[in-house]
Amino acid sequence: MSITKNIQSESAISQMALAAFPQKRMEACVELTEGMFNAAYLVTFSDGSRSVLKIASGGNMGLMSNEVNMMDAEVKAMRIVRKSGLVKVAEVQYYDTSKTICSGNYFFMEVMEGQSLFSIRESLSEEEKQRLHYEIGQVAKGLTTISGETFGMLGDEEHQYTYLFDFVYQMISNILSDARKKEIVIGVEAEEILTRLERDRAVFDAVSRPTLVHWDMWEGNIFVKDGQITGIIDWERAMWAEAFLDDRFRRHTRNPEFLKGYGQEHFSREEMQRIYWYDVLLYLTMMTEGAYRGYPDDGQYQWTKPLFEASWKELQN
């Protein structure tokens with residue numbers, strides 16, 4: 001379990017529920033354990049209604065430099081997407097930033113229909129999986145119609161950028177600094193990575209319009225019912241950037257049916273350069289986060305490092 005999970009007692013959860021729904025009485029709460037970052041609970045009330053409670057970390061322990069005001073980002077993104085009507089997003093029913101009941105911000109949201117794609121994928125036929133990947137591509141394309149004014153993380157209002165390159169450079173610089181502090185073995189000097197990124201500045205200049213990016217649209221964050229997507233959860237890493245930054249465009253996830261649904265199956269040389277840099281950003285993050293989260297082993301690092309090396313090699317070519 002990640003040390004960022006702000007686990008709370010049933011008594012504290014009952015107080016949160018009372019603050020959010022003073023007309024209701026909590027009957028039960030069950031921890032939802034599929035997520036890796038925040039604590040979450042399914043709360044049931046005496047009238048039979050249910051809500052999901054999500055609680056942010058109580059401090060900076062376990063957080064990396066690019067992880068700023070993530071619950072603010074999530075609530076903001078959910079409200080933006082819900083207003084757009086592009087894809088189902090849970091309604092935020094109550095959001096408390098006062099920290100009077102617990103050490104972290106928290107919010108209640110409606111319960112999503114269905115189950116995560118990750119939890120049911122083994123029960124699906126190949127045809128069903130590919131149909132869902134196509135639909136996920138359509139969702140990702142839809143998000144590109146939501147524009148921002150600057151590039152940056154939704155939760156980090158202090159650091160917003162006019163140019164995409166400056167945003168990407170800062171994110172990669174931050175994660176390299178985080179890796180150095182924890183003595184993570186990358187296999188490439190940080191200075192070499194940043195120097196090469198600076199040389200590729202021009203390929204980012206083609207992107208002038210920031211659009212909403214989920215950045216973590218893996219199968220655990222996609223809810224499915226009766227063979228269709230019923231919603232997307234976990235928007236805390238949302239950013240204003242280029243669509244290719246999303247998880248579904250990474251080396252290990254670039255599914256052909258997703259690309260068909262997105263409407264782009266082939267990429268220019270410059271687009272592929274950016275995609276490889278976005279690979280590098282994610283894989284550096286995944287190689288490093290275990291040391292911050294307090295994971296019990298280095299399995300994620302070992303799985304990710306060859307992916308980083310492959311994309312870094314492509315950039316050398």
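**View 1. Helix α10 spans residues 299–316 of this predicted model.** Helix α10 has 18 residues and reaches 27 Å from its first C-alpha to its last. That is close to the 26 Å expected at 1.5 Å a residue, where the expected span is 1.5 Å times one less than the number of residues. Helices (H or I, at least four residues) and strands (E, at least two) are DSSP runs, numbered from the N terminus. The helix bends by about 25° at K305. The bend is the angle between axes fitted to the seven residues ending at a residue and the seven starting there. A proline, P306, follows within four residues. The buried residues of α10 are Y301, T304, K305, L307, F308, S311, W312 and L315. Buried means under 20% relative accessible area, exposed over 50%, and partly exposed in between (1.4 Å probe, protein chains only). These buried residues pack against α6 (190–199) and α9.

Residues are numbered from 1 along each chain as its sequence is written. Local features need pLDDT of at least 70, side-chain atom pairs count only at pLDDT 80 or more, and totals for chains, interfaces and linings use all residues, while side-chain values use heavy atoms, with hydrogens and water left out.

**View 2. K305 and E309 form a salt bridge within α10.** The closest N and O atoms are 2.6 Å apart. A salt bridge is a side-chain nitrogen of Lys or Arg within 4 Å of a carboxyl oxygen of Asp or Glu. The two residues are four apart in sequence, about one turn of the helix. K305 is buried, with a relative accessible area of 17%. E309 counts as partly exposed, at 38% relative accessibility.

**View 3. F308 sits in the largest nonpolar core.** This core has 89 residues. A nonpolar core is a set of buried Ala, Val, Leu, Ile, Met, Phe, Trp, Tyr and Cys residues joined through side-chain atoms within 4.5 Å. I172 and F308 have the most contacts inside the core. Helix α9 (residues 269–293) gives the most to this core, with 13 residues. F308 touches I186, V188, I193, V280, Y283, L284 and M287. Residues up to four places away in sequence are not counted here, and contact means heavy atoms within 4.5 Å. Apart from the largest core lies another, of 17 residues. Its members include A17, A39, Y41 and Y106.

**View 4. A salt bridge joins E242 to R274.** The closest N and O atoms are 2.8 Å apart. E242 lies in the loop between β11 and α8 (256–262), and R274 lies in helix α9. The pair therefore ties together parts that are 32 residues apart in sequence. E242 counts as buried, at 8% relative accessibility. R274 also counts as buried, at 4%.

**View 5. K54 pairs with E236 in a salt bridge.** The structure holds 22 salt bridges. In this one, the closest N and O atoms are 3.3 Å apart. The pair links distant parts of the chain, 182 residues apart. K54 is in strand β3, and E236 is in the loop between β10 and β11 (239–241). K54 counts as buried at 5% relative accessibility. E236 counts as buried at 5%. Salt bridges that share partners join K54, E74, D234 and E236 into one network.

**View 6. Helix α2 covers residues 70–84.** Helix α2 has 15 residues and reaches 21 Å from its first C-alpha to its last. This is close to the 21 Å expected at 1.5 Å a residue. M70, M71, A73, E74, V75, A77, M78 and V81 are buried. Their cover includes β3 (50–55), β4 (92–96), β5 (106–110), α4 (126–143) and β8 (211–213). G85 follows the helix, with a positive phi near 75°.

**View 7. Three strands form an open antiparallel sheet in the order β6-β9-β10.** Two strands pair if DSSP finds at least two bridges between them. The edge strands are β6 (115–116) and β10, each pairing on one side only. Four bridges join β9 (residues 222–225) to β10. V224 stands opposite I229, and K225 stands opposite Q228. The hairpin of β9 and β10 has two residues between the strands. There, D226 takes a positive phi near 55°. Four of the five residues of β10 (residues 228–232) are buried, so this strand is largely enclosed by the rest of the structure.
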